[in-house]
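Here is a walk through the aromatic side chains of one protein chain. Please keep the sequence and the model side by side while reading.

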Amino acid sequence: MNRVKLLLSFVVIFHQLLYSQTKSPITYQQLKEYEGIYEYTNRTTLKMATSPKDTTLYAIINESRYPLTFVSRDVFHNSTNDKVIFFRDKRNKINSYSVGKDTFNLLNKKTSLPKEMWYARMGDVNYIYKQPKKIKDGLETRPLTDSGLDEKLLTEMTKKIIDGTYPNVHSVLIIKDGKLVFEEYFYGYTSTKLHELRSATKSIISALTGIAIDKGYIKSKNETVLNYFPEYNFKNNTKEKKKITIEHLLTNQSGLDCDITDPKSEGNETVMSNSDDWIKFTLDLPMIDSAGEKEGIAQETPLL
């Protein structure tokens, strides 16, 4: 009996040690050491900030957040598993970080980020449906009554967004029969706050292209792209580039050099973001494949 108790004691102790080691390898206060505004590529900046909700350090580029996974003191992995290494000065204070061969200095320790960005809703989280407000934006509103939509289900959905069951939902708007019947915002977003759509733009653009074809503004998806921009004189204007169609762009098969898996790619999105003309920047790029030959990689911000 004593041996059984001893064995069980070891099991309990081992479980406790294992749990304590994996639950929180680094504290919220320790992560805050790395916070601040840092240099970034192409003379831009990024912010490092710690979420009090999930005790995770994030690199924030514009409105987009990229989590960093703690490895050991001053060492993290980004989402592409590259090492992000922080450096300290003689006072043991963080003063820079590096990724690969690049090193970026800390510019300002203060980030001035709103606490609301980490939580779907703060304060009173009890939710009761309300008809969207009328703000004279050309879109009429109406209540859910007789809309055919289930108010209980929408209320349950909203509560699950608020409690984190459905994470990172920034807003939900529902239009029924041409009228706005549901409108809710989370994480500090509002109807007037600009929002980074990023890859969601591909779905919107493809839908708009379909509408434009249906209405006759565009003859077909097979029309070549450069013909729509006669006012431009594009660089690297080869026969292959002239073959790029609307469909090639929609399916990421343009053949243009915008591959974020290749650090030498000229189509770096950060460079594009700081260019004066995004259309010219994109269509100036050299071809690395024939249009339609293979699926391309959508432009995204390279992580750190």
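Tyr38 and Phe86 are both buried in this predicted model. Their two rings form an aromatic pair of the edge-to-face kind, with 6.1 Å from centre to centre and 70 degrees between the planes. In sequence the partners are 48 residues apart: Tyr38 belongs to strand 1 (residues 36-40) and Phe86 to strand 6 (residues 83-88), so the pair links distant parts of the chain.

Strand 1 also contributes Tyr40, which pairs with Phe104 of strand 8 (residues 102-108). These two residues are 64 residues apart, again a link between distant parts of the chain. The ring centres of Tyr40 and Phe104 lie 6.2 Å apart and the planes meet at 50 degrees, so this pair counts as tilted; the tilted class lies between stacked, under 30 degrees, and edge-to-face, over 60. Tyr40 has a relative accessible area of 5% and is therefore buried, the cut-off being under 20%. Phe104, at 7%, is buried as well.

How do these residues fit into a wider set of ring contacts? Ring pairs join Tyr38, Tyr40, Phe86 and Phe104 with Tyr34, Phe70, Phe76 and Tyr97 into a cluster. Over the whole structure, the search finds 14 aromatic pairs.

Rings also meet charged groups. Arg65 places its charged end over the ring of Tyr58, at 5.9 Å from the ring centre. Lys193 does likewise with Tyr189: its charged end sits over that ring, 5.6 Å from the centre.

Terms used: Residues numbered from 1 in each chain as written. Predicted model: local features only at pLDDT ≥ 70, side-chain atom pairs only at ≥ 80, totals over all residues. Heavy atoms only, no water. Phe/Tyr/Trp six-rings, centres within 6.5 Å; stacked < 30°, edge-to-face > 60°. Helix = DSSP H or I, 4+ residues; strand = E, 2+ residues; numbered from the N terminus. Buried < 20%, exposed > 50% of the residue type's maximum accessible area, 1.4 Å probe, protein only. Lys NZ or Arg CZ within 6 Å of the ring centre and 35° of its normal.
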